[in-house]
Amino acid sequence: MKYFYLFLILFVVFKAQSQNKPFRALDSIPNYGYALNNHWKWHVGDNPLWADLNFDDSKWEKIAISESIEEFPQLRASQIAWFRRPIQVTKELVNHPLSISIKQMGASEIYLDGKLLHKLGVVSKNPDKEQTLVNVTALPLTLSDTNKHILAVRYSFTKGNFYYPGTNSETFYLRIHDTKYIGGFIENQINRTAGFLYFFTGIFLIFAILHFSFYIANRAQKVSLSLGINMLVLMLAFFLRSLESYQTGISSKEFYGLLAIIFTYVGVFLINVSLYQYLNQKFGIVFYTLAFMVAGSMLSYIFNWSLPWAIETWLPFFLLFIDFIRVSILADRRKDANAKVPIYSLVVVAGCAMLAVIILFVEGTVGNGSESLIINVAILVVIIMFFSIPVGLSLSLVREYTRTHKALRAKLEEIERLSAQNLAQEQEKQQILAAQNEILEHQVAERTAELEKSLEDLKATQTQLIQSEKLASLGELTAGIAHEIQNPLNFVNNFSEVSRELIEELQEERNKEQDKRDEGLEEEILSDISQNLEKINHHGKRAASIVKGMLEHSRASTGKKEPTDVNVLADEYLRLAYHGIRAKDKSFNAEFKTELDPSLPKIPLITQDFGRVLLNLINNAFYAVKDKEGKGKVTVSTQKLNNEIEIRVQDNGVGIPEHIKAKIFQPFFTTKPTGQGTGLGLSLAYDIVTKAHGGSLEVETKEGEGTTFIIKLPYL
């Protein structure tokens, strides 16, 4: 679109050269009309006398009213002004039906020799009262003599109207026509504008849908998405131009025109983005510099900024043209198959540019009845030039898809041929494979049976190992139990012997004659016997309790949880473990103590299993302090926390090295010498705590200082 604007500028230059002639009377009017751009004078302000034929306007400033409103700062400040120009016809056009076509940015009143002919909108300095009218309008005009007349225009453009400084809309543009041709002229203008805009809106919409479809079909082809967005942006640029042409108010017309400018610049630059992606060129300093320059050119266009030699207008696009060539050359050096496509498009651009310049130059110098045709041809050439690059990329991409499709089709046919050729071989192989499958199935069945037997053996071995671990813990417990049960048995034996002697003494006393018996002594002996029996009963129950605990520890777990006093369990297993180790090693000596929380509630536990956990942890603690220099110490403590109880088994032994700390809960891992451990103790303890009781088992250790195992069990 920018190229289109550039060539319109060239067109205006050539037209200005052809029409910058001295004032003369009109003797004939071409079919396309005669532009009344020159010989105008103007003055800011508002005075009805300025429409009069005899008013002296010699001190008024000369002006070309086809320029943009941005070129009239005094008019924008005053908001209202008058324009005057002479108009004269020869006798051939006297009383001939004429018409004026008008385009404008504001509101106006047309006067001829002081007489109001037409109103276009409502002229006023008050923005609330002013009504602008920007559409092309045809107004009748008849000159009754060959005298020089004055065409005056009262014009307003208030500050309430929006426009952008770089607008190319004429402030006021008049063209005089032969009435019988003006309808065709206006229709041609409308059709030419609407036809071009709607045609290219549709073309770019089709290309956008096509590329988005390509991208949906193959998301790896990012250039399809880029070109789809590019085509969509260019479609919006043309669509906004079509909306602009239907606006009657200047603000809405300028707003749509501004959006069209922005989308046009963005669309032009997206062509460059698509080219980079199409040729797999990385974005670099050149790309971002051009992006900055195009953005600067757009802002210069919008805000009407000017640089020497108008470089803000042509330089960024000339450099884009050069960058197209540079990227194509780099792609050609990389042996990219698509490198030639942009070059061909650029050749078309250059050819169309030169042809458009020649056509517009001819149109500006010939000035005959073929002007409209020449303008149409020139615009068509410019449009072809402008769209050759994106359309060329699109068609190349379509060709690439077509080429890929043909290649895939050829491969598919080749695959089908090879499939048919291999079918016979496959059938023969199937027979061989069927026989081999029978052999393999037989072998698999044999191997499966062997694996099942191995699995059963493994499970049996695992069960034996677990049972061995239980027996090992029971063996360690037995010595302690033997020591613990010895005390109550000794008490039972001792009190039994004393009681026997007391009974003999009582019998001797009762065998005496009645007058010699001491009843007080008898009562005393009976009382001693009763006390001894109570002690025998107490220590017998203690022995029975120890035996019951040993039986519970040795029998298989029922899996049933019962309310358990953890403090009693911890105290009992601490003493049993210590005496069990002492029974096996008389030289072993260590300090042990409990720190039990008396507020600890009873919690549901599988007593046999949890007892094994405590016994294993306490045995390990005593084992850890066995070789410690100085006095070894093992402490078992309990504590009630918020919703759980905590049991700690702490020793001041050798500690656990950091590199094996993570392995201690793994099955069959042990640090003990061969034959002294199965490696299942801590693994079973971990499973019992975490899986069977929903708790946690953690370890804190520091090599050389000791280890603490921490059990946490929920009780709510």
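Is His39 buried, partly exposed or exposed? This tour of a predicted model begins with that residue. Select His39: at 32% relative accessibility, the residue counts as partly exposed. His39 sits in the loop between strand E1 (34-35) and strand E2 (40-44). Its backbone merits display as well, for His39 has a positive phi of about 65° although it is not a glycine. Most residues other than glycine have a negative phi.

**The whole protein**

Zoom out before the next selection. The protein contains 14 helices and 17 strands. Of its 716 residues, 42% are buried. The exposed area is about 38400 Å², and carbon and sulfur atoms supply 58% of that area. Among contacts between residues at least 6 apart in sequence, 77% join residues at least 24 apart.

**Strand E10 and His177**

Select strand E10, residues 172-178, and within that strand His177. His177 is buried, its relative accessible area being 0%. Display side chains here: that of His177 makes a polar contact of 2.8 Å with the side chain of Ser101. With neighbours within four places in sequence left aside, the residues in contact with His177 include Ile29, Tyr32, Gly33, Leu98 and Phe185.

**Salt bridges: Glu170 and Lys103**

The structure holds 17 salt bridges. For one of them, select Glu170 and Lys103, whose closest N and O atoms are 4.0 Å apart. Glu170 lies in the loop between strand E9 (149-156) and E10, while Lys103 belongs to strand E5 (residues 98-104), so the pair ties together parts that are 67 residues apart in sequence. Glu170 is partly exposed at 21% relative accessibility, and Lys103 is partly exposed at 31%.

**Salt bridges: Glu244 and Lys253**

Move next to Glu244 and Lys253, where the side chains meet in a salt bridge with an N to O distance of 3.5 Å. Are these partners buried or exposed? Glu244 is buried, with a relative accessible area of 9%. Lys253 is also buried, at 16%.

**Salt bridges: helix H9 and a network**

Select helix H9, residues 371-511, and highlight Arg417 and Glu414, which lie three residues apart, about one turn of the helix. An α-helix has 3.6 residues a turn, so residues three or four places apart point the same way. Arg417 and Glu414 form a salt bridge whose closest N and O atoms are 2.5 Å apart. Arg417 is partly exposed, with a relative accessible area of 44%; Glu414 is partly exposed at 35%. Elsewhere, select Lys41, Asp57 and Arg84: salt bridges that share partners join these residues into one network.

**Helix H3**

Helix H3 spans residues 179-217 and contains Ile203. At 26% relative accessibility, Ile203 counts as partly exposed. Add Met235 to the selection: the C-alpha atoms of Ile203 and Met235 are separated by 7.9 Å, although these residues are 32 apart along the chain.

**From helix H6 through helix H7**

Where does Asn304 lie? Asn304 is in the loop between helix H6 (285-303) and H7. Its phi is positive, about 60°, although Asn304 is not a glycine. At 32% relative accessibility, Asn304 is partly exposed.

Continue to helix H7, residues 311-333. Its 23 residues reach 32 Å from the first C-alpha to the last, close to the 33 Å expected at 1.5 Å a residue. Colour the buried residues of H7, among them Pro316, Phe317, Leu320, Phe324 and Val327. The buried set also includes Glu312, Asp323 and Ser328.

For another view of this region, select Trp309, Trp314, Phe318 and Ile322, which make a nonpolar surface patch of about 500 Å². Ile322 is found in helix H7 and counts as partly exposed at 38% relative accessibility. Just after H7, select Lys335, which takes a positive phi of about 65°.

**Last stop: strand E14**

Finish at Ser637 in strand E14, residues 633-640. Ser637 is buried, with a relative accessible area of 14%. Which residues are in contact with Ser637, leaving aside its neighbours within four places in sequence? They are Glu595, Glu646, Ile647 and Arg648.

Terms used
Residues are numbered from 1 along each chain as its sequence is written. This is a predicted model: local features need pLDDT of at least 70, side-chain atom pairs count only at pLDDT 80 or more; totals for chains, interfaces and linings use all residues. Side-chain values use heavy atoms; hydrogens and water are left out. Helices (H or I, at least four residues) and strands (E, at least two) are DSSP runs, numbered from the N terminus. Buried means under 20% relative accessible area, exposed over 50%, partly exposed in between (1.4 Å probe, protein chains only). A polar contact is a pair of N or O atoms within 3.5 Å; within protein, one must be able to donate a hydrogen and the other to accept it, and residues adjacent in sequence count only if both atoms are side-chain atoms. Contact means heavy atoms within 4.5 Å. The expected span of a helix is 1.5 Å times one less than its number of residues. Patches are made of residues with over 30% relative accessible area and no salt bridge: like charges are joined within 9 Å, nonpolar side chains (Val, Leu, Ile, Met, Phe, Trp, Tyr) within 5 Å. Accessible areas come from the Shrake-Rupley method with a 1.4 Å probe; for residues, only the protein chains shown count as cover.
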